[in-house]
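Colleague: Could we go through this structure together? I would like to begin with single residues and then turn to the whole chain.

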Amino acid sequence: YIANLLPALDYSDFGKVDMVIEAVFEDINIKHRVVREVEKHMREDAIFASNTSALPITKIAEASVRPEKVIGMHYFSPVDKMQLLEIITTDKTDMETKKAAVDVGLKQGKVVIVVGDGPGFYTTRILAPTLSEAIRMLQEGVDPKKMDKLSKGAGFPVGIATLIDEVGIDVAAHVAEDLQKEFGERFKGGNPEVLKGLVEANCMGRKSKKGLFVYADGSKDRPV
């Protein structure tokens, strides 16, 4: 698959593509900037897909001149191992765009679900209470390795502490804060400031080589 990639530093070839899938940081202002910037170089019939885990697609589409061609395609970390793909549609997303997104997902070998737009969509909304409880456990001094053991014992394919590191602690903090604002008491539990403190210390998970665990090149050991 890597051999099929054509790296680029500008948008000169974007007029040839059928679909653009962005995966920038979970910040609505950054998403809007990318939509406006990229659409200038896309065909009018091309699709803009956002890989977001919590930001409403309707809000992202507000920056688009073609909101009917905007859709959510939420991939899960690590993308090469996680089969699920959550496709999010808005009231304005046209049928051609929906069908194209599903087709792309199936060609990628994903298990595709299609859901309506809303805070957290389906997957993040059901994961958020687990994340909140994980934050509370960290506050209470529970070892991340024990958290992984408990969650895997309950049927999770990936331990919850490992999952937070894979997703990125900065992303997890942003999602936790946004959903607590949206749902109030229903999603309150641990204090998201715990995650923010880790982010400020540049402990953002695997991508920064330290988070709830410490990662070293060439080693499978992950000290806490």
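Colleague: Where is the place of E86?

Modeller: E86 lies in strand β4, which spans residues 84-89. Helices (H or I, at least four residues) and strands (E, at least two) are DSSP runs, numbered from the N terminus. Please note that this is a predicted model, in which local features need pLDDT of at least 70, side-chain atom pairs count only at pLDDT 80 or more, and totals for chains, interfaces and linings use all residues. Residues are numbered from 1 along each chain as its sequence is written, and side-chain values use heavy atoms, with hydrogens and water left out.

Colleague: Does E86 count as buried or exposed?

Modeller: E86 counts as buried because its relative accessibility is 0%. Buried means under 20% relative accessible area, exposed over 50%, and partly exposed in between (1.4 Å probe, protein chains only).

Colleague: Which residues is E86 in contact with, leaving aside neighbours within four places in sequence?

Modeller: They are G72, M73, H74, F76, I113, V115, F121, Y122 and T123. Contact means heavy atoms within 4.5 Å.

Colleague: How far apart in space are E86 and F25?

Modeller: Their separation is 18 Å, C-alpha to C-alpha, and they are 61 residues apart in sequence.

Colleague: And T89, where is its place?

Modeller: T89 is in strand β4 too. T89 is buried, as its relative accessible area is 11%. Leaving aside neighbours within four places in sequence, T89 is in contact with I71, K98, V114, V115, G116 and D117.

Colleague: Let us change to the helices. At what angle do the axes of α4 and α6 cross?

Modeller: The axes of α4 (residues 123-139) and α6 (residues 160-167) cross at roughly 105 degrees and come within 11 Å. Axes are lines fitted to C-alpha atoms, for helices over the stretch in contact, and angles run from 0 to 180 degrees between N-to-C directions. The crossing angle makes α4 roughly perpendicular to α6. Angles under 35 degrees count as roughly parallel, over 145 as roughly antiparallel, 65 to 115 as roughly perpendicular and the rest as oblique.

Colleague: Which residues make that contact?

Modeller: L127, T130, L131 and A134 take part from α4, with I160, L163 and I164 from α6. The residues of this contact divide into six nonpolar, one polar and no charged. Here Ala, Val, Leu, Ile, Met, Phe, Trp, Tyr, Cys and Pro count as nonpolar, Asp, Glu, Lys and Arg as charged, and the others, Gly among them, as polar.

Colleague: How do the axes of α5 and α6 cross?

Modeller: The axes of α5 (residues 144-153) and α6 cross at roughly 110 degrees and come within 6 Å. The two helices are therefore roughly perpendicular to each other. P144, M147, D148 and S151 of α5 meet I160, A161 and T162 of α6. This contact has four nonpolar residues, two polar and one charged.

Colleague: What is found after α6, in the loop leading to α7?

Modeller: G168 is found in that loop, between α6 and α7 (169-183). G168 counts as buried because its relative accessibility is 0%. Leaving aside neighbours within four places in sequence, G168 is in contact with M204 and K207.

Colleague: Finally, how many helices and strands are there in the protein?

Modeller: The protein has eight helices and five strands. Their pattern along the sequence is β-α-β-α-β-β-α-β-α-α-α-α-α. Buried residues make up 42% of the 224 residues.
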